[in-house]
Amino acid sequence: RLNPPVVIDGNGDAVRQLDLTQPPANGGSGEITAGSTWYFQLWYRDPQGGPAGFNFSDGLEVTFCP
């Protein structure tokens with residue numbers, strides 16, 4: 001879970017800053033290298049989205065270029 005929580009605006013948009021200078025992005029098995037592809041998806045609380053109360057955002061695929 002993200003702390004602090006990500007706030008979703010009235011259009012359903014959310015912004016999450018990605019710090020590429022901190023692990024795992026800058027080293028080890030999660031290091032971002034030129035040509036690598038990462039996949040992102042947001043799990044969020046949605047009280048109006050049905051009995052489960054939680055949902056997933058659309059996915060985002062990002063290929064990092066040199």
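**Figure 1. Surroundings of N26 in the segment before β1.** N26 is partly exposed, its relative accessible area being 39%. The model shown here and in the other views is predicted. N26 belongs to the segment before β1. Apart from residues up to four places away in sequence, N26 touches L20, T21 and E31. With T21 there is also a polar contact: the side chain of N26 comes to 2.7 Å from the backbone oxygen of T21.

**Figure 2. Overview of the chain.** The chain has 66 residues, of which 9% count as buried. Its secondary structure consists of four strands and zero helices, and the order of elements from the N terminus is β-β-β-β. About 5600 Å² of the chain is exposed, and carbon and sulfur atoms supply 52% of that area. Taking the contacts between residues at least 6 apart in sequence, 29% join residues at least 24 apart. The views that follow show two residues of the segment before β1, namely S36 and G35, then an aromatic cluster, residue N55 of strand β3 and a nonpolar surface patch.

**Figure 3. S36 and its contacts.** S36 sits in the segment before β1. The relative accessibility of S36 is 16%, so the residue counts as buried, the limit being under 20%. A polar atom of the S36 side chain lies 2.8 Å from the backbone oxygen of T33. When neighbours within four places in sequence are left aside, the contacts of S36 are with V62, T63 and F64.

**Figure 4. G35 beside T63 and F64.** Like S36 in the preceding view, G35 lies in the segment before β1. Not counting residues up to four places away in sequence, G35 touches T63 and F64. The C-alpha atoms of G35 and F64 are 5.3 Å apart in space, while the two residues are 29 apart in sequence.

**Figure 5. The aromatic cluster of W38, F40 and F64.** These three residues form one aromatic cluster. The whole structure contains two aromatic pairs. In one, the ring centres of W38 and F40 are 6.0 Å apart and the planes stand at 40 degrees, so this pair is tilted. In the other, W38 and F64 are arranged edge-to-face, with 6.3 Å from centre to centre and 80 degrees between the planes. W38 belongs to strand β1 (residues 37-40) and F64 to the segment after β4 (60-63), so this pair ties together parts that are 26 residues apart in sequence. F64 is buried, with a relative accessible area of 17%, whereas F40 is partly exposed at 28%.

**Figure 6. N55 in strand β3 and its approach to W43.** N55 is found in strand β3. Its relative accessibility is 33%, and N55 therefore counts as partly exposed, a class that lies between the limits of 20% and 50%. N55 and W43 are twelve residues apart along the chain, and a distance of 5.9 Å separates their C-alpha atoms.

**Figure 7. A nonpolar patch on the surface.** W43, F54 and F56 make a nonpolar surface patch of about 330 Å². One of these residues, F56, has its place in strand β3 (residues 54-56). N55 of the preceding view is also found in strand β3.

Definitions and conventions
Residues numbered from 1 in each chain as written. Predicted model: local features only at pLDDT ≥ 70, side-chain atom pairs only at ≥ 80, totals over all residues. Heavy atoms only, no water. Buried < 20%, exposed > 50% of the residue type's maximum accessible area, 1.4 Å probe, protein only. Contact = heavy atoms within 4.5 Å. Areas by Shrake-Rupley, 256 points an atom, 1.4 Å probe, with all protein chains shown as cover. Patch = residues over 30% accessible without salt bridge, like charges linked within 9 Å, V, L, I, M, F, W, Y side chains within 5 Å. Salt bridge = Lys/Arg side-chain N within 4 Å of Asp/Glu carboxyl O. Phe/Tyr/Trp six-rings, centres within 6.5 Å; stacked < 30°, edge-to-face > 60°. Polar contact = N/O pair within 3.5 Å; in protein donor to acceptor, adjacent residues only side chain to side chain.
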